[in-house]
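Subject: A structure for you to look at

Hi,

Here is the structure I promised to pass on to you. Have a look at it first, and then read on for what turned up in it.

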Amino acid sequence: MNDDAPVKRYSRPWLQARCRRDLHVHTAFCNHAEGSMAEYVTAGLAAGLDEIGFLAHVEKDIHNRRRSWLEPEQLDLYWAEGRRLQRQFDGRILITLGIELGLNPRAVDGLRQLVARHPWDRLGLSYHYLEEPPAHPARHRNICSARDTAAPGLTNAELVQLHLTYFDELRRHVPVFRPAFVCHLDVIRRYLPDVGERDDIRAAVHDLLATMARHGTALEINTSGYDHGGICPAPWIIQVAARFNLDFVFCSDSHHPRQVGRFFNQAVEDVLRAIGSKD
Ligand SMILES: [Zn+2]
Ligand SMILES: [Zn+2]
């Protein structure tokens with residue numbers, strides 16, 4: 001933990017101030033979201049936001065039937081359009097341009113090259129595509145896809161190992177990529193069968209949060225989780241993150257302009273409840 005960092009109060013006003021920014025929205029560039037960048041900016045203005053943060057999907061050497069990320073030339077178009085909108089909306093709303101970097105431990109150098117392609121405002125680190133167990137680089141399973149996770153064939157032991165791999169690889173790569181925040185930290189629990197709150201998995205989450213604290217990485221409160229049962233990450237993770245004094249950022253993970261800023265008010269209440277705060 002950084003001893004110089006001020007201790008966060010995690011009060012309602014502190015959290016509400018953070019809700020004036022939505023730092024994780026997608027666009028049609030991502031190949032699975034709807035809406036132009038301009039439509040998202042307009043939605044951000046209508047929602048009264050101070051800042052709208054685009055976070056375009058970037059993946060490298062992923063083998064899956066569907067592409068849900070930007071190829072390098074699309075990243076250039078995304079950057080150019082974002083810069084144009086920054087000029088157009090100057091003084092009305094802050095527009096920031098980032099990438100949601102999908103981890104692939106076998107493609108760190110390639111991912112680094114994509115990070116270096118433009119001077120992004122921020123980097124969010126995600127882990128969407130995990131190799132099929134047993135490790136087979138020819139195929140990746142998208143753990144954020146209901147269809148992919150419904151595929152049969154995982155034993156309980158493999159499920160546990162998949163969870164441990166997920167949290168351990170994120171932890172190992174926080175110092176490598178130094179992200180502003182880790183996206184939807186426990187998304188692996190969204191669709192895959194619940195393997196229970198095992199001690200070894202909780203310990204892996206704990207180690208990841210400790211590493212984030214050491215590197216000044218924030219925790220994303222991802223409100224798209226409300227469409228899948230509740231706040232993301234789980235309340236106990238938010239509680240541990242607060243003990244580590246992590247910063248929190250609110251993100252809608254919008255895939256349609258109408259989702260900008262979704263569920264932020266509800267998330268503030270749920271965060272307060274998770275950390276046991278009364279104000
Ligand atoms: Zn994601
Ligand atoms: Zn996303």
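Before we start, one term: two residues are in contact here if their C-beta atoms, placed from the backbone, lie within 7 Å. Please also keep in mind that this is a predicted model.

With that term in hand, take helices α2 and α3. On the α2 side, M37, A38 and V41 make the contact, and they meet E81, G82 and L85 of α3. Sorted by class, the residues of this contact are four nonpolar, one polar and one charged. Helix α2 covers residues 37-46, and α3 covers residues 72-88. Their axes come within 10 Å and cross at roughly 40 degrees. An angle from 35 to 65 degrees falls into the oblique class, and α2 and α3 are therefore oblique to each other. The crossing of α2 past α3 is right-handed.

Now the overall picture. The protein has 10 helices and nine strands. Its C-alpha atoms fill a box of roughly 55 × 50 × 35 Å along the principal axes. What radius of gyration would a compact globule with 279 residues have? It would be near 19 Å, and the protein has 18 Å, which agrees.

Next, the sheet. Strands of a sheet pair through backbone hydrogen bonds, either parallel or antiparallel. Here we have an open sheet of seven strands with parallel pairing, in the order β1-β2-β3-β4-β7-β8-β9. Why is one side of β1 and one side of β9 left without a neighbour in the sheet? Both strands, β1 (21-25) and β9 (248-251), stand at the edges and have a single partner strand each, so one side of each stays free of a neighbour in the sheet. For β9, look at β8 (residues 218-222): these two strands pair in the parallel sense over four bridges. One place to look is I221, whose bridge partner in β9 is F250. You can also find α2 again here, because it is useful to link the two parts of the picture: α2 lies across β1, β2 (51-58) and β3 (94-102), and runs at about 145 degrees to β2.Two more helix pairs are worth a visit:

- α6 (residues 156-177) and α8 (residues 199-214) pack at an angle of about 15 degrees, and their axes are 9 Å apart. Angles under 35 degrees count as roughly parallel, and α6 and α8 are therefore roughly parallel to each other. Their crossing is left-handed. Among the residues that meet are H163, L164 and F167 in α6, and D200, I201 and A204 in α8. By class, this contact of α6 with α8 has nine nonpolar, two polar and four charged residues.
- α9 (residues 235-243) and α10 (residues 264-275) pack at about 70 degrees, with axes 8 Å apart. Angles of 65 to 115 degrees count as roughly perpendicular, and α9 and α10 are therefore roughly perpendicular to each other. In passing α10, α9 makes a right-handed crossing. P235, I238, Q239 and A242 of α9 meet V271, A274 and I275 of α10. The residues of this contact divide into six nonpolar, one polar and no charged.

Finally, two spots in the backbone. Most residues other than glycine have a negative phi, and most peptide bonds are trans. Which peptide bond is cis, with omega near 5 degrees? It is the bond from C232 to P233, and P233 lies in the loop between β8 and α9. The other spot is H184, which has a positive phi of about 25 degrees although it is not a glycine. You will find H184 in the loop between β7 (181-182) and α7 (188-191).

Enjoy exploring, and write back with any questions!

Best wishes

Methods. Residues are numbered from 1 along each chain as its sequence is written. Chains are lettered from A and ligands numbered from 1 in the order in which they are written. This is a predicted model: local features need pLDDT of at least 70, side-chain atom pairs count only at pLDDT 80 or more; totals for chains, interfaces and linings use all residues. Two strands pair if DSSP finds at least two bridges between them. Axes are lines fitted to C-alpha atoms, for helices over the stretch in contact, and angles run from 0 to 180 degrees between N-to-C directions. Angles under 35 degrees count as roughly parallel, over 145 as roughly antiparallel, 65 to 115 as roughly perpendicular and the rest as oblique. A crossing is left-handed if the near helix is turned anticlockwise from the far one by less than a right angle, and right-handed if clockwise. Ala, Val, Leu, Ile, Met, Phe, Trp, Tyr, Cys and Pro count as nonpolar, Asp, Glu, Lys and Arg as charged, and the others, Gly among them, as polar. The radius of gyration is taken over C-alpha atoms; the globule rule is 2.2 Å times the number of residues to the power 0.38.
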